[in-house]
Amino acid sequence: MSKLLFIQTLGCAMNVRDSEHIIAQLKEQDYEITDDVNIADLILINTCSVREKPVHKLFSEIGAFDKARKKGSKIGVCGCTASHLGGEIFKRAPFVDFVLGARNVSKISQAVRTPKFISTDINYDESEFAFGDFASSPYKSFINIMIGCDKKCSYCIVPQTRGDEISIPAQIILREAERSAARGAKEIFLLGQNVNNYGKRFSNAHEKIDFSDLLMRLSKIEGIERIRFTSPHPLHMDDKFLDVFCNNPKICKSMHMPLQSGSSKVLRDMKRGYTKQWYLDRALKLRQSCPGVAISTDIIVGYPSESEDDFAETMEVLEAVRFEQVFSFKFSPRPLTPAASLKPLDDEISSERLSRLQNAHAKILDEIARAQKDKIFDVYFEELREGGTACGRSFSNFLICAQGGEELLGKTRGVRIEKTARMALYGKVIA
């Protein structure tokens, strides 16, 4: 008989892909997925440690799982928090059966079989491991193109949880994209900490190829209609990359450009490697070269060296670029990072700045949303919602919903926008 697996995924798209790899490996061990933690034979939580809140959530969640689980079931902690806490998890939660770091996903079968198994080697190399085939959605596929990160951003724990950057060989990526197309997925989503730095280092001798060339090869695969990726680094946004992005008809016109701060001084303190002027040059060139592009970003407010003038520069960039989406947070000191030892700003100051930033962006979003009224978008429908509504994404990544059912799923249809809101657009299918 099959065993039942319950898995909760916290954090980014890379964690989602790691969970898919875990599921694929465990399916080979006769596990099937359940959404009922009470009947699961194996309970996994795949963790995030980029900010402090998800780490706190981990221990409250696994405590609840311990109370809810059936007799004889196992609990495992995976992902980035597993990487940086390691054996400390056993001390704080003795009922946990194993701990598996973010760079050790391929060891999941061994972890399940071995009492108190722990593997958190951040330089374990899985770049050429042949993971089984599993996707959460039949309509799109996440594909890792690299693992780890070589950047030294002062606030970021990722290099301490995912190790050094290694690119996955192009032939493995292309093969995975071909498999995705063969099972009917029309969209692929490429994942990496700094995707446009792809090709700088492989584990073994492989063909030299950069991210722009990889995009061109992927776009030639029959059946793949849309290509998305995250996250490119502003430092590596050269003209070749922007040209391929703007002119390849299969690359979706939405770009995530993590800003973090609009102040060159704070960017230097953060060790981001670029200036405010460089960022604006790249973002505005993108706007000029690619009409209709949607640009999203990450912003950290209240970094320890941020003055009111520094924050004002962030607001200037916000107004200049007019991002379609902003993920904004107060600075969260993370262990194992240089910024962890810095004296934080007063929380009241950070909170007030975050509120100002979010309020200013809300006004921009309202204006952007209103401008979409009566426009027609090609929407690739991926999910159903209550009330007979189907939702999907435009080529520029707007979430768009329309009346419809399963007949729309996996299809691209024209939708005329009738109603707008900050987080979604609503319309009628016309073709």
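UniProt positions are given here in the numbering of this structure, and annotations may be inferred rather than shown by experiment. Keep that in mind for the first stop. The model you have open is predicted.

**Stop 1: the annotated span**

Select residues 135–367. UniProt, in an unreviewed entry, places the feature "domain: Radical SAM core" on this stretch. Color it by secondary structure: the span is 39% helix and 15% strand. Now pick the C-alpha atoms at its two ends, residues 135 and 367. They lie 36 Å apart.

**Stop 2: the largest nonpolar core**

Show side chains for Leu190, Phe211, Leu218, Phe229 and Leu286. In the largest nonpolar core, which has 68 residues, these five touch the most other members. Next, select helix 7, residues 170–182. Helix 7 gives the most to this core, with 6 residues. Then color by domain. The core draws at least three residues from domain 2 (126–252) and at least three from domain 3 (375–429).

**Stop 3: around Leu190**

Center on Leu190. Which residues is Leu190 in contact with, leaving aside its neighbours within four places in sequence? Start with Ile143, Ile145 and Val195, which are among them. Add Phe211, Leu215 and Leu218. Finish with Ile227, Arg228, Phe229 and Thr230. Phe211, Leu218 and Phe229 should be familiar: along with Leu190, they were named at the previous stop.

**Stop 4: a second core**

Now select Ile62, Ile75, Leu85 and Phe90. These residues are included in a second core, separate from the one just visited, with 21 residues.

**Stop 5: the barrel**

Switch to cartoon view and find strands 15 to 19. These 5 strands close into a barrel in the order 15-16-17-19-18, with mixed pairing. From one strand to the next, the twist averages 55 degrees.

Walk through some of the pairings:

- Strand 15 (residues 376–385) pairs with strand 16 (residues 389–393). The sense is antiparallel, over 5 bridges. Zoom in on Leu384: Ala390 in strand 16 stands opposite.
- Strand 15 also runs antiparallel to strand 18 (residues 412–420), joined by 5 bridges. Select Val379 here; its bridge partner in strand 18 is Arg413.
- Strand 18 and strand 19 (residues 425–429) are antiparallel as well, with 5 bridges between them. Pick Ile417, and look across to its bridge partner in strand 19, Gly427.

**Last stop: the turn**

Follow the chain out of strand 18 and into strand 19. How many residues does the hairpin that joins these strands pass through? Count along the backbone: there are 4.

How values were computed: Residues are numbered from 1 along each chain as its sequence is written. This is a predicted model: local features need pLDDT of at least 70, side-chain atom pairs count only at pLDDT 80 or more; totals for chains, interfaces and linings use all residues. Side-chain values use heavy atoms; hydrogens and water are left out. A nonpolar core is a set of buried Ala, Val, Leu, Ile, Met, Phe, Trp, Tyr and Cys residues joined through side-chain atoms within 4.5 Å. Buried means under 20% relative accessible area, exposed over 50%, partly exposed in between (1.4 Å probe, protein chains only). Domain bounds come from an automatic or database domain assignment. Contact means heavy atoms within 4.5 Å. Two strands pair if DSSP finds at least two bridges between them. Axes are lines fitted to C-alpha atoms, for helices over the stretch in contact, and angles run from 0 to 180 degrees between N-to-C directions.
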